[in-house]
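Reader: I should like to understand the terms applied to this structure. Please set each value against its definition.

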Amino acid sequence: MIVLDEYTKYFHRGSINEVIALKDFSLNVKNGDFITIIGSNGAGKSTLLNGIAGVFLPDSGKITLNDTNITNWPEHRRAAFIGRVFQDPLLGTCGALSIEQNMAIAAKRGKHRGLSIGVKSKHRKCFQAELKKLDLGLEDRLHDKVGLLSGGQRQALTLLMASLVRPNLLLLDEHTAALDPKTANQILDLTKEIIEKENLTTLMVTHNMNQALQFGNRLIMLHQGKTLLDVKAEEKQKLTVENLISKFYASQGDNFASDRMVLI
Ligand SMILES: Nc1ncnc2c1ncn2[C@@H]1O[C@H](COP(=O)(O)OP(=O)(O)OP(=O)(O)O)[C@@H](O)[C@H]1O
Ligand SMILES: [Mg+2]
């Protein structure tokens, strides 16, 4: 479905701060795949998701979506088929607009958006029904500004908006990392529910190894812009956190005892 072919992304190329965030990175994502992505800080996880979303163009390599070469497509064109939820609850929604105005914008994904954010009553009913599923009481707060919501409420709304018009691809970048453990678990349950119900093709970055093992049908560990580990299906089910840690040590010998990746 989405294929990255020898994708390479530098930052500050040619300067003393040069970083190769992704190096000749190849990945073949199949329809319905739910891939969890782990890796130490700076491994290239966010760069991978940003690269797919078109936040920047690669230095070399190619991206195809269902056999269409989208390597040079700008971000807004890709947004027609991609839903995103970020680590920061403030991203992904507009705090100055109401819940229903935000949802109206999300409902127009893939269509010509225009400037109007007016909400028709038939849409309002549909938004209310969707919000009710979250069980956070947001269906009674349609006119509240999103800036008034808590981090967890806002991430739940972002997730709902990302999947309101079924995306071909859902990109989740540590979307529960800024939440308290209880709220994080609620958002994760909701994530799982939405992905399974809609059979969404998903890439989920997490720093939590247990989460990475528990969710999805494929797990990828990145390190310094390259794939360190790529396990699928039954092989993934047999993996343990200890396996992941020892695989990391075996190939790198790095000491990552203080890294967020082991905070489980
Ligand atoms: N916009 C940018 N400008 C300059 N350097 C960047 C930029 N984005 C990422 N990098 C660098 O590219 C490398 C990969 O960063 P990336 O954000 O992809 O890591 P990550 O795996 O998401 O890490 P984390 O777990 O800390 O979120 C890092 O060295 C980072 O400093
Ligand atoms: Mg990141």
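Author: Two strands pair if DSSP finds at least two bridges between them, and helices (H or I, at least four residues) and strands (E, at least two) are DSSP runs, numbered from the N terminus. This is a predicted model, in which local features need pLDDT of at least 70 and side-chain atom pairs count only at pLDDT 80 or more, while totals for chains, interfaces and linings use all residues. Residues are numbered from 1 along each chain as its sequence is written, and chains are lettered from A and ligands numbered from 1 in the order in which they are written.

Reader: What makes strand 1 and strand 4 a pair?

Author: Strand 1 (residues 2–11) and strand 4 are joined by 5 bridges and run antiparallel; at least two are required, so the two strands pair. Val3 has Thr64 of strand 4 as its bridge partner.

Reader: How do you know that strand 4 and strand 5 pair?

Author: DSSP finds 2 bridges between these antiparallel strands, and at least two suffice, therefore they pair. Leu65 stands opposite Thr68 in strand 5. The two strands form a hairpin with 2 residues between them, and Asn66 in the turn has a positive phi of about 45 degrees.

Reader: Why is Asp67 called exposed?

Author: A residue is exposed if 12 or fewer other C-beta atoms, placed from the backbone, lie within 10 Å of its own, buried if 20 or more do, and partly exposed in between. Asp67 has 7 such neighbours, so it counts as exposed. Asp67 lies in the loop between strand 4 (60–65) and strand 5 (68–69), with a positive phi of about 75 degrees although it is not a glycine.

Reader: Why is Asp24 called partly exposed?

Author: Asp24 has 14 other C-beta atoms within 10 Å, which falls between the two limits, so it is partly exposed. Asp24 belongs to strand 2 (residues 19–29) and has a positive phi of about 45 degrees. Most residues other than glycine have a negative phi.

Reader: What makes a residue part of the shell around ligand 1, and which residues belong to it?

Author: The C-beta atom, placed from the backbone, must lie within 6 Å of the ligand. Phe11, His12, Val19 and Ala21 are among the residues surrounding ligand 1, as are Lys45, Ser46 and Thr47. Strand 2 and helix 1 (45–53) each give two or more residues to this shell, and helix 1 gives the most, with 3 residues.
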